[in-house]
Amino acid sequence: QVQLVESGGGLVQAGGALRLSCAASGRTLSNYIVDWFRQAPGKEREFVAGVNRSGSRTAYADSVKGRFTISRDNAMNTVNLQMNSLKPEDTAVYYCAVSDRVIFTARNTYDYWGQGTQVTVSS
């Protein structure tokens with residue numbers, strides 16, 4: 001049984017930074033594609049960033065390119081999301097999700113989701 005737990009959310013001022021972590025138990029995260037999503041109240045869930053199994057490929061939404069960095073820490077069995085230069089429009093609940101799919105860019109199937117962590121950016 002796989003369990004995912006997100007951590008690192010909080011309240012920051014615009015221009016600040018946060019590091020989110022997705023920790024796994026029951027399975028090894030490097031066996032899965034890992035994607036981060038976010039959802040703000042009244043809005044659809046949107047893709048934020050993703051990393052392939054080896055960590056050699058990453059993908060980002062246009063809205064976060066140049067500001068967010070996704071990476072793996074295999075020794076800790078985690079995937080991290082470093083968020084810099086935060087903007088009020090980044091405010092949302094952030095979720096990590098893992099997929100056993102073979103196509104990295106096909107964001108159409110996920111096996112497990114975390115509970116989410118709240119990120120609030122004040123102006």
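**Note on the aromatic cluster, the cores and the disulfide**

1. Ring pairs join Phe37, Phe47, Tyr110 and Trp113 into a cluster, and this cluster is a convenient place to start reading what is, it should be said at the outset, a predicted model. Four aromatic pairs are found in the structure. In general, a pair of aromatic rings is described by how far apart the centres are and by the angle of the planes, and the pairs discussed below are given in those terms.

2. Phe37 and Tyr110 have ring centres 5.3 Å apart and planes at 90°, so this pair is edge-to-face. The pair links distant parts of the chain, since Phe37 belongs to strand S4 whereas Tyr110 sits in the loop between S9 and strand S10 (112-113), 73 residues apart. Both partners are buried: Phe37 has a relative accessibility of 6%, and Tyr110 has a relative accessible area of 17%.

3. Tyr110 also pairs with Trp113, and here the arrangement is tilted, with 5.3 Å from centre to centre and 55° between the planes. Trp113 is partly exposed, at a relative accessible area of 31%, whereas Tyr110 counts as buried, and the reader may wish to look at these two rings together in the model.

4. Which charged residues lie over the faces of Phe37 and Phe47? Arg45 is placed over the face of Phe37, at 5.5 Å from the ring centre, while Arg107 is placed over the face of Phe47, at 3.8 Å from the ring centre. Phe37 and Phe47 are both members of the ring cluster described above.

5. Turning to the nonpolar interior, the largest nonpolar core has 30 residues, and within it Trp36, Leu81, Met83 and Tyr94 touch the most other members. The elements that contribute two or more residues to this core are S3, strand S4 (33-39), strand S5 (46-51), strand S7 (68-73), strand S8 (78-83), S9 and strand S11 (117-122). Apart from it lies another core, of seven residues, which includes Phe37, Phe47, Ala59 and Phe104. As a general remark, nonpolar side chains tend to be buried together in soluble globular proteins.

6. Leu81 is a useful residue from which to view the largest core, being one of the four that touch the most other members. When its neighbours within four places in sequence are left aside, Leu81 is in contact with Leu18, Arg19, Leu20, Trp36, Val48, Ala49, Phe68, Thr69, Ile70 and Tyr94.

7. Ala49, one of the residues in contact with Leu81, is found in strand S5. Ala49 is buried, with a relative accessible area of 0%, and, again leaving aside neighbours within four places in sequence, it is in contact with Val34, Asp35, Trp36, Ala59, Tyr60, Ile70 and Leu81. The C-alpha atoms of Ala49 and Thr69 are separated by 7.9 Å, although the two residues are 20 residues apart along the chain.

8. How many disulfides does the structure hold? There is one, and it joins Cys22 to Cys96 with an S to S distance of 2.1 Å. The link of Cys22 and Cys96 is right-handed, with 65° about the S-S bond. Cys22 lies in strand S3 (residues 18-25) and Cys96 in strand S9 (residues 92-99), so the pair ties together parts that are 74 residues apart in sequence. Cys22 is buried at 0% relative accessibility, and Cys96 is likewise buried at 0%.

9. Thr78, in strand S8, is in contact with Cys22 as well as with Ser21, Ala23, Leu29, Ser71, Arg72 and Asp73, once neighbours within four places in sequence are left aside. Is Thr78 buried or exposed? With a relative accessible area of 9%, Thr78 is buried, because the limit for a buried residue is under 20%.

10. Two backbone angles deserve a careful look, given that most residues other than glycine have a negative phi. Asn77, in the loop between S7 and S8, has a positive phi near 55°, and this residue counts as buried at 18% relative accessibility. Ser85, in the loop between S8 and S9, has a positive phi near 50°, and Ser85 counts as partly exposed at 41% relative accessibility.

Terms used:
Residues numbered from 1 in each chain as written. Predicted model: local features only at pLDDT ≥ 70, side-chain atom pairs only at ≥ 80, totals over all residues. Heavy atoms only, no water. Disulfide = S-S within 2.5 Å. Helix = DSSP H or I, 4+ residues; strand = E, 2+ residues; numbered from the N terminus. Buried < 20%, exposed > 50% of the residue type's maximum accessible area, 1.4 Å probe, protein only. Core = buried A, V, L, I, M, F, W, Y, C linked by side-chain atoms within 4.5 Å. Contact = heavy atoms within 4.5 Å. Phe/Tyr/Trp six-rings, centres within 6.5 Å; stacked < 30°, edge-to-face > 60°. Lys NZ or Arg CZ within 6 Å of the ring centre and 35° of its normal.
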